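Okay, thanks for coming, everyone. I'll put the structure up on the screen, and then we'll walk through it together.

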Amino acid sequence: MGNFIEVWNFGEVNFEDGSAYLAHIGPDFAKAMLKRNFARNRKINKYRVSEMARDMESGRWSGLTSDPIKMSRSGAMLNGQHRLAAVLKSGTTIEQIIITG
């Protein structure tokens with residue numbers, strides 16, 4: 001898929017290189033990323049997370065979106081917290097684009 005670096009584990013992501021990753025995000029990967037949630041991100045909407053988790057569990061999750069998960073150079077997660085929380089809740093694995101740098 002294009003010029004993406006394919007990753008299966010959070011430890012494979014290099015925050016400083018400004019790369020784009022095609023990530024297979026399961027519960028462990030999501031949990032590791034959520035630990036790096038940017039302190040000023042909006043509060044997680046539990047209703048939205050439940051809605052997304054139901055879609056993931058039923059196979060209705062649309063998969064790749066036009067809005068990648070964004071990580072800063074320092075490794076803070078800037079965007080994507082609801083998708084990651086839904087992965088944890090559903091116990092599923094999804095493909096998402098992660099942009100770093």
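I'll go through the sheet, then one of its strands, then a helix and the core.

Before anything else, keep in mind that this is a predicted model. Right, the sheet. It's an open one with five strands, the order is E1-E2-E5-E3-E4, and the pairing is mixed. E1 and E4 sit at the edges with a single partner strand each, so each of them has one side without a neighbour in the sheet. From one strand to the next, the twist averages 30°. Then there's H3, which packs on the sheet and touches E2, E3, E4 and E5. If you like angles, the direction of H3 makes about 105° with that of E4.

Now the pairings, going across. E1 and E2 are parallel, with three bridges between them, and there Val7 has Ala23 in E2 as its bridge partner. E2 and E5 run antiparallel and are joined by six bridges; look for Tyr21, which stands opposite Ile98 in E5. Move on to E3 and E5 and you're back to parallel, with three bridges. Met71 is the one standing opposite Thr100 in E5. As for E5, five of its seven residues are buried, so the strand is largely enclosed by the rest of the structure.

Let's stay with E2 for a bit. How many of its six residues are buried? Six of six, so to speak: E2 is mostly covered. In a regular strand, side chains alternate between the two faces of the sheet. Here, Ala20, Leu22 and His24 point one way, while Tyr21, Ala23 and Ile25 point the other way, and all are buried.

One of those deserves a closer look, and that's His24, in strand E2. Why does His24 count as buried? Because its relative accessibility is 8%, and the cut-off for buried is under 20%. Its side chain makes a polar contact of 3.4 Å with the side chain of Glu95. Setting aside neighbours within four places in sequence, His24 is in contact with Glu6, Val7, Trp8, Phe29, Thr93, Ile94 and Glu95.

Phe29 takes us to helix H1, residues 27-34, where the buried residues are Phe29, Ala30, Met33 and Leu34. These cover an arc of only 130° around the axis, which puts them on the same side of H1. And what do they pack against? Quite a list: strands E1, E2, E3, E4 and E5, plus helix H3.

Last stop, the largest nonpolar core, which has 25 residues. Which of them touch the most other members? Ile25, Phe29, Met33, Ile69, Met71, Leu84 and Ile98. The elements giving two or more residues to this core are E2, H1, H2, E3, H3 and E5. Take Ile25 as an example: leaving out residues up to four places away in sequence, Ile25 touches Ala30, Met33, Ile69, Leu84, Val87, Thr92, Thr93, Ile94, Gln96 and Ile98. Two of the buried residues of H1, Ala30 and Met33, are in that set of contacts.

That's my tour, so over to you.

Methods: Residues are numbered from 1 along each chain as its sequence is written. This is a predicted model: local features need pLDDT of at least 70, side-chain atom pairs count only at pLDDT 80 or more; totals for chains, interfaces and linings use all residues. Side-chain values use heavy atoms; hydrogens and water are left out. Buried means under 20% relative accessible area, exposed over 50%, partly exposed in between (1.4 Å probe, protein chains only). Helices (H or I, at least four residues) and strands (E, at least two) are DSSP runs, numbered from the N terminus. The arc is that of the directions from the helix axis to the C-beta atoms. Contact means heavy atoms within 4.5 Å. A nonpolar core is a set of buried Ala, Val, Leu, Ile, Met, Phe, Trp, Tyr and Cys residues joined through side-chain atoms within 4.5 Å. Two strands pair if DSSP finds at least two bridges between them. A polar contact is a pair of N or O atoms within 3.5 Å; within protein, one must be able to donate a hydrogen and the other to accept it, and residues adjacent in sequence count only if both atoms are side-chain atoms. Axes are lines fitted to C-alpha atoms, for helices over the stretch in contact, and angles run from 0 to 180 degrees between N-to-C directions.
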